[in-house]
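Hi,

Here is the structure I promised to hand over. Please look through it first, then read my notes below.

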Amino acid sequence: FAQVTNPPIDPIRESIVMSIACWIGPEQNVLMPPSASHCRRLWLESPILLPHEMEALRNIGSCFEGWRVKTLQATFPRAEGPAALKANLARLCEEAVQAATEGCEVIVL
């Protein structure tokens, strides 16, 4: 009865809304006339990257002129407990905002 009134998700027919693929890089105004800058984005099939894919992402600036990448440290000392987590999340947010303000197109955590 539950499947009749509440059918399971159909991954074939709902692939667009079920996808974990994503674009990264500078997004352009879609209302502007198309230009080469609209194509300067990278398509990832999954946000979960293998080590060699992560290394390629960190070095993307050497392949694509104008792409700036910043890697931020996202760890904190576990022994210091929840207070350290809160403080380091605040620091991480500040560093991410600073990197974006400086013009970084990709921020790696």
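Helices and strands here are DSSP runs, numbered from the N terminus; a helix has at least four residues and a strand at least two. The model is predicted.

**The S1–S2 loop**

Start at Pro26. It sits in the loop between S1 and strand S2 (42–44). What does Pro26 touch, leaving out residues up to four places away in sequence? Its contacts are Arg40, Arg41, Trp67 and Glu105. The link to Glu105 spans 79 residues of chain, yet the two C-alpha atoms are separated by 5.7 Å. Pro26 has a relative accessible area of 23%. The buried class stops under 20% and the exposed class begins over 50%, so Pro26 counts as partly exposed.

Next to Pro26 in the numbering is Glu27. Glu27 forms a salt bridge with Arg41, with 4.0 Å between the closest N and O atoms. Glu27 lies in the loop between S1 and S2, and so does Arg41; the pair therefore ties together parts that are 14 residues apart in sequence. Glu27 is exposed, at 62% relative accessible area. Arg41 is partly exposed, at 23%.

**Ser19**

Ser19 belongs to the loop between helix H2 (15–18) and strand S1 (22–24). Its relative accessible area is 40%, which makes it partly exposed. From Ser19 to Ser46 is 27 residues in sequence, but 8.6 Å in space between C-alpha atoms.

**Strands S1 and S2**

The structure holds 1 aromatic pair. Is it stacked or edge-to-face? The ring centres of Trp23 and Trp43 are 5.0 Å apart and the planes meet at 65°, so the pair is edge-to-face. Trp23 is in strand S1 and Trp43 in strand S2, so the pair ties together parts that are 20 residues apart in sequence. Trp23 is partly exposed, with a relative accessible area of 48%. Trp43 is partly exposed too, at 40%.

**The core**

The largest nonpolar core has 7 residues. They are Ile24, Leu44, Leu57, Ile60, Trp67, Val106 and Val108. Trp67 also appears among the contacts of Pro26. Take Leu44 as an entry point. Setting aside neighbours within four places in sequence, Leu44 is in contact with Ala21, Cys22, Ile24 and Leu49.

**Helix H4**

H4 covers residues 81–101. Its 21 residues should span 30 Å at 1.5 Å a residue, and the end C-alpha atoms are 31 Å apart, which agrees. Which residues of H4 are buried? They are Gly81, Ala84, Asn88, Leu92 and Ala99. Viewed down the axis of H4, these fall within an arc of 70°, so they line one face of the helix. An α-helix has 3.6 residues a turn, so residues three or four places apart point the same way.

The buried residues of H4 pack against strand S3 (69–71) and strand S4 (106–108). The other side of H4 carries the exposed residues Pro82, Ala83, Lys86, Glu94, Val97 and Thr101. Just after H4, Gly103 takes a positive phi of about 100°.

**Salt bridges**

There are 3 salt bridges in the structure. Side chains of opposite charge can pair when their charged atoms come close. Glu27 with Arg41 is one of them, described above.

Another joins the side chains of Glu95 and Arg91, at 3.1 Å from N to O. Both residues lie in helix H4, 4 residues apart, about one turn of the helix. Glu95 has a relative accessible area of 31% and is partly exposed. Arg91 is partly exposed at 23%.

Helix H3 (residues 51–58) has a bridge as well, between the side chains of Arg58 and Glu55. The N to O distance there is 3.9 Å. Arg58 and Glu55 are 3 residues apart, so about one helical turn separates them. Arg58 is partly exposed, at 35% relative accessibility. Glu55 is partly exposed, at 40%.

**Where to look**

Three views cover most of these notes. Open on Trp23 and Trp43, for the edge-to-face pair. Move to Pro26 and its contact Glu105. Then sight down the axis of H4, to see the buried residues within their 70° arc.

Best wishes

Technical notes
Residues are numbered from 1 along each chain as its sequence is written. This is a predicted model: local features need pLDDT of at least 70, side-chain atom pairs count only at pLDDT 80 or more; totals for chains, interfaces and linings use all residues. Side-chain values use heavy atoms; hydrogens and water are left out. Buried means under 20% relative accessible area, exposed over 50%, partly exposed in between (1.4 Å probe, protein chains only). Contact means heavy atoms within 4.5 Å. The expected span of a helix is 1.5 Å times one less than its number of residues. The arc is that of the directions from the helix axis to the C-beta atoms. A nonpolar core is a set of buried Ala, Val, Leu, Ile, Met, Phe, Trp, Tyr and Cys residues joined through side-chain atoms within 4.5 Å. Rings of Phe, Tyr and Trp (its six-membered ring) pair if their centres lie within 6.5 Å; planes under 30 degrees apart count as stacked, over 60 as edge-to-face and the rest as tilted.
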